[in-house]
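Please examine the sequence and the three-dimensional structure shown below. The explanation after them is meant to be read with both in view.

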Amino acid sequence: MKVITVSGPPSSGKTSVVLKAAWEMKSDGLSVGAVKFDCLSTGDRKLYERNGVDARTGLSGSLCPDHFFVSNVEECLSWGMERSFDVLFLESAGLCNRCSPHIQGVTAVCVIDNLMGVNTPKKIGPMLKLADIVVITKGDIVSQAEREIFALKVRQANPGGSVLHVGGISGQGACELVSLLMEGEEIESISGRSLRFAMPSALCSYCLGETRIGKEHQMGSVRKICLE
Amino acid sequence: MRTTDIAVGYCLRNVRMDLLFEEHPYVRDFFDANGLPPADPCVRVEEYFSEMSPVFLEDIGFDREGLIDRLVTFIERMEDVKKGQNLSVKKVTVLGGKDKNGVPEDVRLEMKAGEIVCIVGPTGSGKSRLLADIEWMAQGDTPTGRRILIDDEKPLRKWRFSLEHKLVAQLSQNMNFVMDLSVREFVSMHAESRMVPDRRERVRTVIEQANVLAGESFSPDIPVTALSGGQSRALMIADTAFLSSSPIVLIDEIENAGINRKRAMDLLVRRDKIVLVATHDPLLALMGSQRISIRNGGIDKILQTSKEENEHMKTLEKLDGFLNRCREVLRNGESLEVLPDFSL
């Protein structure tokens, strides 16, 4: 089974890109499954299934969505193996710009869009910088020059990965994305593999449910801002 | 990692920081993109990275070796961008595949630098797919089964994902700007990202030529977001002609854009681009030397623009001029009670 993790800021077009890619894969006779991680609510299972993709969703609720993702990724893989999909997409909630659980040896896609501003690629951490493939969306609503400038900024932030444009609405580029995704290795099990980078360090009192503000309420791993 | 990378990486480690910046000024962008601290000019690259604290590295999510490898890859990519400026293509060939019903397209379409080729066909007939096949340099691996040759040869696979080897610049119908920059800043930024030599001169040319194309002129100091539809289009066409390294320009529906279409085409062709235009506008469709008619996902016919059609161009130009003069009269707040002279 090919396993693909998909990350990216909210509303960048992750689900649309996955759906367009899945459509291309299905027309090649492949079976496709998806697990969508989200935070509070999601209607994406319906959306996936309407497009013929067997899907499950998981809500992290009060937990850090990326911690939730990595603590459940093994189970998702078993689910996919049981159903013997050819391809399994694991889509993260994309809430934190630093993290996204890219896994060593598992194809990692980061989706960002042209409307995010030219400085965004450098503001996004390992989620963008360590992805194998960066998909840029919403190219149809900006000028050619802006597309080029933005793609170059992405290239600067991630010099090693592949950068390509996909239209989440038109599907332009999805066929090309699929040929790249199908190059990834077959994954049977994910246990014992490593994340490509560590999650943010914990644990402060707010992680444990503290809501009051003030020094006396802060315990554990606390770092202070430098306002010099 | 390839052997050359290791060799480059090994040498790079011993280079002094000031020399690194001098030789590769764009390394500043790498520092900026990764939030790296300023460097002491006298230390060597390896020392600079070894001085980084584990806490800092954890914050940015990299290990030390990973960062140095990335710097090496970054320098390679940027050198590719520089080389991309010299990218030249003399001929693009499309070898037919099949249409939506699997009926073979029995065609060999050749397009040469400095040529305009038009694409006609009903909405949904597969014009965009043809453009996408060319952009992707398809090798029988897209739904149409078409193959693309560049200068009579099968293009290298790695070009597909290289931003530096982008064969195709696509001017779409929507032309909004989201960057909050003046025209001059915007074009300079584009020139900078393309590593264009003699940047100032080129930026001036782009703006000057855009003003020639646009019906109404604009100053380099106004924000790009304040440009009218016609002005944006003119700016993007001039920008593509003078800054883009892509040898093929795809234009989707340029009609009624408030620019001088003939001049726009001339500008691109003069820069030895292959201009592909999807259009139903008779004036544009006859400007091309050949016209591809698409039907049911396949290339149905390739028509050479005939002598008679070329003759009809004069009539169409007259009509177009007449309409433009009417537009001008209305724009100036005057009355159209007396029509402008048609025979001009």
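The paragraphs that follow treat one chain as a whole, then one of its helices, then the interface, and lastly some individual residues.

The model discussed here is a predicted one. Chain B has 13 helices and nine strands. Its C-alpha trace spans about 80 × 55 × 30 Å along the principal axes. Of the 344 residues in chain B, 50% are buried. One may also ask how far apart in sequence the contacting residues of chain B lie. Among the contacts in chain B with a separation of 6 or more, 66% are between residues 24 or more positions apart.

Helix 9 of chain B, residues 199-213, offers a first example of how a helix can be examined. Its 15 residues, at 1.5 Å a residue, should span 21 Å, and the end C-alpha atoms are indeed 21 Å apart, so the expected and the computed values agree. Which residues of this helix are buried? They are B:R202, B:V203, B:V206, B:I207, B:A210 and B:L213. These residues cover an arc of only 130° around the axis, and therefore they lie on the same side of helix 9 of chain B. The buried residues are covered by elements of chain B that include helix 8 (183-193), helix 10 (229-242) and helix 11 (261-270).

The loop between helix 8 and helix 9 of chain B holds B:D198. This residue has a positive phi of about 40° although it is not a glycine. A further case is B:M137, which is not a glycine either and has a positive phi of about 55°. B:M137 is found in the loop between helix 7 (127-136) and strand 4 (147-150) of chain B. With a relative accessible area of 2%, B:M137 is buried, the cut-off being under 20%.

Attention now turns to the interface. Here 39 residues of chain A are in contact with 46 residues of chain B. The size of an interface is often given as the accessible area lost when the parts come together. Chain A and chain B bury about 3800 Å² between them, and 56% of this area is on carbon and sulfur atoms. On the side of chain A, the residues that lose the most area to chain B are A:E146, A:L152 and A:Q156, which together account for 16% of what that side buries.

Polar groups also meet across this interface: the rule finds 16 residue pairs in polar contact and four salt bridges. A:E148, for instance, forms a salt bridge with B:R194, and their closest N and O atoms are 2.7 Å apart. Which elements give two or more residues to the side of chain A that touches chain B? They are helix 5 (126-129), helix 6, strand 7 (162-165) and helix 7 (174-181) of chain A. The largest share, twelve residues, comes from helix 6 of chain A. This helix comprises residues 144-157, and 13 of its 14 residues are buried. Its expected span of 20 Å agrees with the 20 Å between its end C-alpha atoms.

A final residue to locate is A:E91, in strand 4 (residues 87-91) of chain A. Is A:E91 buried or exposed? It is buried, because its relative accessible area is 1% and the cut-off is under 20%. The side chain of A:E91 makes polar contacts with the side chain of A:K36 at 2.7 Å and with the side chain of A:Y48 at 2.4 Å. Leaving aside residues up to four places away in sequence, the residues that A:E91 touches include A:V6, A:K14, A:T15 and A:F69.

Notes. Residues are numbered from 1 along each chain as its sequence is written. Chains are lettered from A and ligands numbered from 1 in the order in which they are written. This is a predicted model: local features need pLDDT of at least 70, side-chain atom pairs count only at pLDDT 80 or more; totals for chains, interfaces and linings use all residues. Side-chain values use heavy atoms; hydrogens and water are left out. Helices (H or I, at least four residues) and strands (E, at least two) are DSSP runs, numbered from the N terminus. The expected span of a helix is 1.5 Å times one less than its number of residues. Buried means under 20% relative accessible area, exposed over 50%, partly exposed in between (1.4 Å probe, protein chains only). The arc is that of the directions from the helix axis to the C-beta atoms. Contact means heavy atoms within 4.5 Å. Buried area is the accessible area (1.4 Å probe) that two parts lose on being put together, summed over both. A salt bridge is a side-chain nitrogen of Lys or Arg within 4 Å of a carboxyl oxygen of Asp or Glu. A polar contact is a pair of N or O atoms within 3.5 Å; within protein, one must be able to donate a hydrogen and the other to accept it, and residues adjacent in sequence count only if both atoms are side-chain atoms.
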